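This report describes a single protein chain, from its overall dimensions down to selected residues. Please read it alongside the sequence and coordinates.

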Amino acid sequence: MGGVSTSGLPALPAAPATGRSDVVARLRGALLGASFTADGLLELLGAPAYAALARSETVPALRATRGDTPLEVLVRLFLLQQPVPHARVADVLPVEECLESGWLVRVGGDSEDDVAATVDVRPYGGPGGEDWFIVSDLGCAVGGAGGIGSRDEGVVLGVGGASTTLAGITVRTPVSAALDLGTGSGIQALHAAQHATRVTATDLNPRALHITALTLALSGAPAAELREGSLLEPVRDDETYDLIVSNPPFVISPGARLTYRDGGMSGDDLCRTLVQQAGERLNEGGFAQFLANWQHVEGEDWQDRIRSWVPRGCDAWIVQREVQDVTQYAELWLRDAGDHRGDPAEYQAYYDAWLDEFEARKVKAVGFGWITLRRTGAAVPSVTVEEWPHPVEQPLGDTVRAHFDRLDFLRAHDDAALLAGHFRLVSEVVQEQVGLPGAEDPEHVVLRQHRGMRRATKVDTVGAGFAGVCDGSLSAGRILDAIAQLVGEDPVLLRDRTPAQIRLLVEQGFLEPA
């Protein structure tokens, strides 16, 4: 199944051929016929074993597949990567065609009675209930606590938490052209193919492009235009897109050892470069959405650092989801590569190299989060940078799009227009009163969202009263006049000081124009 690579590590097996559309169609039909789907797996394995499989823990799934049904055979073959008797596989798959085109290989010494998979094939449920299949290298579906299954520099991982996060936050509106930078196993291209007329996918790793083609074909999706090269290098100067997505090799490491994670640039330069260059590749109104890491440098505000990345002519919404100190960060990625399972002296040397790199750059922590750009013709673009480590409700694509729609509304309405406007409290927003038991009045009032970003914001008495009666029937100004009369305040002064609070409630998604 493979020899030794130029790096001295075991070579990855040859990937299946991409030209046999007849074999791929028959393979897909056989997988679906055996209920080798996300729903089928959940029913077979049960929730705990299914969740463990997503963490690359295989023992519960092995225990749950000791039978001989077609679905159990496929789980052992493609997910657990166990040899399976040729005759048993022949009952489920077009085995000779799969052997000929490279999906399977004979194993078992002289008798060659068993066959094994050359790639991981993992069922994945699409947002509309589609039955998709993500192809990746053996043992590399998600990484997990034990590290990836191969340390070959060209290894291609499957769908992990970062992949699903990016897929969930991406704006899903029909577009003419979408670009997936650093496509990996092809999950973002697969999603984009559902709402983009043309999809282009790039990757520095030719094996990733090959596997992306397999993912799309086996999922029954249209083929993408595949281009080899780093980030935007394969894109022609005259090409622009309505959507750009990237889960780039954002790991800030002392040396590029693994193509899928290490971009080969120092510090966070790769993410900065990608964000800065993406703006000029967007059509008017187009979105660029990335996952990224950024350095927290001693003596520097991280928000200022990330703000400086935003290209001219683009609105931006940047959300920091997590921060790790440099030791946590180094340990995370050393484990991810499986370095903790190797020679202890080598592990210590790697760890030292990471800390040396951070010390030299005066980096005290690393932030992880989402970056969304939108090309705008506004004279003064809006850049929002915030920290939000709290739980959110995925998918967030509609929430992201609505955020930028609200920015357009607020830009187009000065305070007078805002007071003349009509607003509604967004559904799923509740009001909570916080205070000591038995107190006549609450200490403060909190508005809380139960959808999307699930924000909570403190409001004063006027803000709470205003939000509570916003049903679209009265203008904001008339509501404030009524509140002024109730609380005995000058209505002119109240009108003067309240628009800022209304703007914030609209911007954060608590109020919407009626």
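The text below covers the chain as a whole, then its internal spaces, then three individual residues.

**Overall form**

The model is predicted. Its chain contains 20 helices and 19 strands. Along the principal axes, the C-alpha atoms occupy a box of roughly 95 × 55 × 50 Å. The radius of gyration is 26 Å, which agrees with the value near 24 Å that a compact globule of 514 residues would have. Half of the chain is shielded from solvent by the criterion used here: 50% of the 514 residues count as buried. Among contacts with a separation of 6 or more, 69% join residues that are 24 or more positions apart.

**Cavity and pocket**

How many cavities of 30 Å³ or more does the whole structure hold? The search finds one. The largest cavity encloses about 30 Å³ of space, and its lining consists of I169, W317, V319, W370, T372 and V400. Two strands, β11 (314–325) and β12 (363–375), each contribute at least two residues to this lining.

The second largest pocket has a volume of about 820 Å³. Its lining comprises 37 residues, and those nearest its centre are P395, G397, D398, T399 and G452. The elements giving two or more residues to this lining are β4, α8 (161–169), α15 (397–412) and β19 (511–513). Of these, which gives the most? Helix α15 does, with seven residues.

The make-up of each lining by residue class is set out below.

| Space | Nonpolar | Polar | Charged |
|---|---|---|---|
| Largest cavity | five residues | one residue | no residues |
| Second largest pocket | 10 residues | 17 residues | 10 residues |

The cavity lining thus has no charged residues, whereas the pocket lining has 10 of them.

**Selected residues**

R122 is part of strand β4, which spans residues 120–125. Strand β4 is also among the elements that supply two or more residues to the lining of the second largest pocket. Is R122 buried or exposed? Its relative accessibility is 18%, so R122 counts as buried, the limit for that class being under 20%. The side chain of R122 reaches the backbone oxygen of L53 at a distance of 3.5 Å.

S101 belongs to helix α7, residues 95–101. Its relative accessibility is 5%, and S101 therefore counts as buried. A polar atom of the S101 side chain lies 2.8 Å from the backbone oxygen of E97. Beyond neighbours within four places in sequence, the contacts of S101 are with P16, A17, R20 and V23.

V297 lies in strand β10, which covers residues 282–297. With a relative accessible area of 12%, V297 is buried. Which residues does V297 contact once its neighbours within four places in sequence are left aside? They are R305, R361, K362, V363 and K364. In addition, V297 and A365 are 68 residues apart in sequence, and their C-alpha atoms are 7.3 Å apart in space.

Definitions and conventions. Residues are numbered from 1 along each chain as its sequence is written. This is a predicted model: local features need pLDDT of at least 70, side-chain atom pairs count only at pLDDT 80 or more; totals for chains, interfaces and linings use all residues. Side-chain values use heavy atoms; hydrogens and water are left out. Helices (H or I, at least four residues) and strands (E, at least two) are DSSP runs, numbered from the N terminus. Buried means under 20% relative accessible area, exposed over 50%, partly exposed in between (1.4 Å probe, protein chains only). A polar contact is a pair of N or O atoms within 3.5 Å; within protein, one must be able to donate a hydrogen and the other to accept it, and residues adjacent in sequence count only if both atoms are side-chain atoms. On a 1 Å grid over the protein atoms alone, a cavity is a set of points where a 1.4 Å probe fits but cannot get out, and a pocket is an open set with protein on both sides within 12 Å along at least five of seven lines; lining residues have an atom within 4 Å of a point. Grid points are joined across faces, edges and corners, and a volume is the space filled by probe spheres set on the points. Ala, Val, Leu, Ile, Met, Phe, Trp, Tyr, Cys and Pro count as nonpolar, Asp, Glu, Lys and Arg as charged, and the others, Gly among them, as polar. The radius of gyration is taken over C-alpha atoms; the globule rule is 2.2 Å times the number of residues to the power 0.38. Contact means heavy atoms within 4.5 Å.
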